[in-house]
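Hi everyone, thanks for coming. I'd like to take a few minutes to talk about the pockets in this protein, so please have a look at the sequence and the structure with me.

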Amino acid sequence: MEEADWSAVTGSCSGTLGSHLARRLVQIGVRDVFSVPGDFNLTLLDHLIAEPGLNLVGCCNELNAGYAADGYARARGVGACVVTFTVGGLSVLNAIAGAYSENLPVICIVGGPNSNDYGTNRILHHTIGLPDFTQELRSFQTVTCTQAVVNNLEDAHEQIDTAISTALKESKPVYLSISCNLPGIPHPTFAREPVPFFLAPKVSNQIGLEAAVEATADFLNGAVKPVIVGGPKLRVAKAQRALVELADASGYPIAVMPSGKGLVPEQHPHFIGTYWGAVSTTFCGEIVESADAYVFAGPIFNDYSSVGYSLLIKKEKAVIVEPNRVTVGNGPSFGWVFMADFLSALAKKLKKNETAVENYRRIYVPPGVPLRREEHEPLRVNVLFKHIQNMLDGNSAVIAETGDSWFNCQKLRLPENCGYEFQMQYGSIGWSVGATLGYAQGAKDKRVIACIGDGSFQVSHNHNVIEGFICGQELTVNKKSFHAREPMVLLTLLQLPL
């Protein structure tokens, strides 16, 4: 930066905490902040509103603001929400826990007590009636990767920057409490334009990387019919392209775990479907479970994804690739080896082997087309999803709610660049309603289609947000016209016959 430019950064006119935080959010890619006003955050919200690069989105309640920040982070890479002290913080807590489980960087900002109230033994409103202000902080400690209570301007700059950079590095939510009296007070540490911080990329241990690639290549090149299975941690590892590179080079079939749907390109010529044990896509389970070696890239094996731990796979046949570790069979294991580096390097060492792909093509039978709905016959789920399938293209995104929508949306074949999001690890009922709002704000170039059971829709308490979605654009199902303004919400009612 030229000397003349630095005067704008280090000028004599000090900036404020509120303006600094607003600029930081803009610099990391946040353009929309989801909020519920409260007396502890009003001054801070004034500073966020004053930032030209930020749009404040008011939400019905804190839980839905957190869900929206979750959806926004899925679309943009990072999200943010602002709530008030304790009553707001404990309300948003469930949404932040969900973002933690899904490895999403969400900046959760809470308007905290006046800095002059700390240490006074005073009891404040919006609390549980004790002069201890730490209840909210202690609640967030288990569902965020770092926490900062900003009640002193001297180190506020460092606390804010550390919290935000930690969220980005760890790809997890952070908790940031800002004392309500501090956002508008000038202080010399806050330059009018914060100097953008640079996050150094994580680099694999080169010796460990080479050893891991050599051990894995020996393991896979000795197999007869190996396969690749992509998991949900592909997102946090930013390894989607590297996985495709591996599939192209190896010739192995590529499947996806149910929780990883949307992270593996389903139009790839070697894609064979969702591996979900006994409820896998037809013929996919047979190919994976009959393989003599499998590469699991970023898996999470929980009771949902393993169908009650009933998967017919063996650890000694598996290469487990975590975001920063590789384990070959029962061992050896290599640490500080990052997934994208590893998959790209491995692609250069594998022999082409299309045996398992050929086996899949030999047994594959195309799925049948649902029978046409007869006049006056109740609408069936398979007919509804046939029409949803036909609506999808590269400008679409699907948000699938917990429950029946999970299972029905898993059957959709996603076109190239079609987004897909759901919350399989945490499974918070009603998540998708707020997440649809956030995702749609973050991906305005996409038509967002949310599939939500009627029960989940009612749980969300966000009807007034969604009412604006369900009007305007024509949708035709079996010659009957409906209207929906983008994004569109489809209530996949649970009582529809199969």
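I'll go through two pockets in turn. Please keep in mind that this is a predicted model.

As a quick reminder, rolling a probe the size of a water molecule over the atoms shows where empty space is left.

Let's begin with the largest pocket, which holds about 1500 Å³ of space. Its lining is made up of 48 residues. If you want to find the centre, look for Arg-235, Val-236, Ala-237, Lys-238 and Gln-240, the lining residues nearest to it. Which element gives the most to this lining? That would be H4, with 4 residues. Helix H4 spans 62-76, and other elements that supply at least two residues include helix H7 (156-170), helix H10 (240-250) and strand E15 (419-422). As for chemistry, the lining of the largest pocket has 25 nonpolar, 9 polar and 14 charged residues.

Now for the second largest pocket, with about 1200 Å³ of space. Here 36 residues form the lining, and Thr-281, Pro-367, Gln-410, Lys-411 and Leu-412 sit closest to the centre. Two or more residues each come from strand E9 (271-274), helix H13 (355-363), helix H14 (381-391) and helix H15 (404-410). Of the elements here, H14 gives the most, with 6 residues. And how do the residues of this second lining divide into nonpolar, polar and charged? The split is 18 nonpolar, 12 polar and 6 charged.

That's my tour, and I'm happy to go back to either pocket. Thanks for listening!

Notes:
Residues are numbered from 1 along each chain as its sequence is written. This is a predicted model: local features need pLDDT of at least 70, side-chain atom pairs count only at pLDDT 80 or more; totals for chains, interfaces and linings use all residues. Side-chain values use heavy atoms; hydrogens and water are left out. On a 1 Å grid over the protein atoms alone, a cavity is a set of points where a 1.4 Å probe fits but cannot get out, and a pocket is an open set with protein on both sides within 12 Å along at least five of seven lines; lining residues have an atom within 4 Å of a point. Grid points are joined across faces, edges and corners, and a volume is the space filled by probe spheres set on the points. Ala, Val, Leu, Ile, Met, Phe, Trp, Tyr, Cys and Pro count as nonpolar, Asp, Glu, Lys and Arg as charged, and the others, Gly among them, as polar.
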